[in-house]
Amino acid sequence: MREPWSHLHIDVIEPAMDSMADNVSNGVRYHDAGHINYMFEYLQETNTPYSLELDLAIWYHDTIYDRDPDKESRSASFMCEQLADYYHPSIMSAAGKLIMATVDHKIGKRSEYSYEGPVRNAIIRADLAALRASNSDLIITNTIKLLDEAIALYTDLTSDTIIDNSVNFLANTLWPTVVQNALDDPEHVRFWNDVGLGIHVAIGSLKTLKIS
């Protein structure tokens with residue numbers, strides 16, 4: 001049996017797990033520990049080299065998940081507060097930058113990010129891996145989870161409005177980003193093509209839910 005990709009001690013990940021459990025009690029259905037585990041499974045599947053900063057960033061990138069803006073920066077701040085006694089500030093800073101890479105999911109060209117580029121790009125791919133069309137059943141399941149999550153968080157919006165907003169985000173924000181990522185990350189172009197197809201599956205699923 002292969003060793004799990006994540007190597008962190010329970011004392012380090014416990015605050016993240018507790019925070020995500022609180023999020024679930026508030027209606028979060030997708031951005032939970034299951035999402036974190038899937039990200040690590042993707043890294044293991046692709047034989048991604050271990051990185052302490054990446055390990056920390058994945059565990060903590062969705063620890064603050066609500067309807068308010070700047071969730072990523074608040075998650076990074078939460079990580080720094082909880083782990084100040086465990087790691088040097090340089091480690092925390094590097095992990096925080098990786099968390100912030102999940103804001104727009106834009107792959108960085110190597111010339112722009114030099115050393116941190118491969119690790120930065122790994123968290124972006126891992127965060128979007130569940131959208132791969134090759135996992136069509138998972139996409140539909142996660143689309144429903146994301147919709148339920150949004151309905152629970154945005155109680156002032158109708159489900160049709162939330163679906164419209166989600167379709168708009170997928171089609172007009174995430175899809176162009178994925179197309180550009182395929183150009184900027186040629187070593188993983190098949191992955192990005194798969195994600196692009198998965199976005200269309202998710203859009204179709206949302207439209208079906210609205211019709212029904």
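Are H3 and H7 roughly parallel or roughly antiparallel to each other? They are roughly parallel, going by an angle cut-off of under 35 degrees (over 145 would be roughly antiparallel). This is a predicted model, where local features need pLDDT of at least 70 and side-chain atom pairs count only at pLDDT 80 or more, while totals for chains, interfaces and linings use all residues. Residues are numbered from 1 along each chain as its sequence is written, and side-chain values use heavy atoms, leaving out hydrogens and water.

**H3 with H7**

- Helix H3 (residues 52-60) packs on helix H7 (residues 117-128) at about 30 degrees, with the axes 10 Å apart; axes are lines fitted to C-alpha atoms over the stretch in contact, and angles run from 0 to 180 degrees between N-to-C directions.
- Leu54, Ala57 and Ile58 of H3 make the contact with Val119, Ala122 and Ile123 of H7, contact being heavy atoms within 4.5 Å.
- By class, that contact of H3 with H7 has 6 nonpolar residues, no polar ones and no charged ones.

**H4 with H5**

- Helix H4 (residues 71-83) and helix H5 (residues 89-100) cross at roughly 155 degrees, and their axes come within 9 Å.
- That angle makes H4 roughly antiparallel to H5.
- On the H4 side you'll find Glu72, Ser73, Ala76, Met79, Cys80 and Leu83, meeting Met92, Ala95, Gly96, Ile99 and Met100 in H5.
- Sorted by class, the H4 and H5 contact residues come out as 8 nonpolar, 2 polar and 1 charged, with Gly counted among the polar ones.

Key. Helix = DSSP H or I, 4+ residues; strand = E, 2+ residues; numbered from the N terminus. Parallel < 35°, antiparallel > 145°, perpendicular 65-115°, else oblique.
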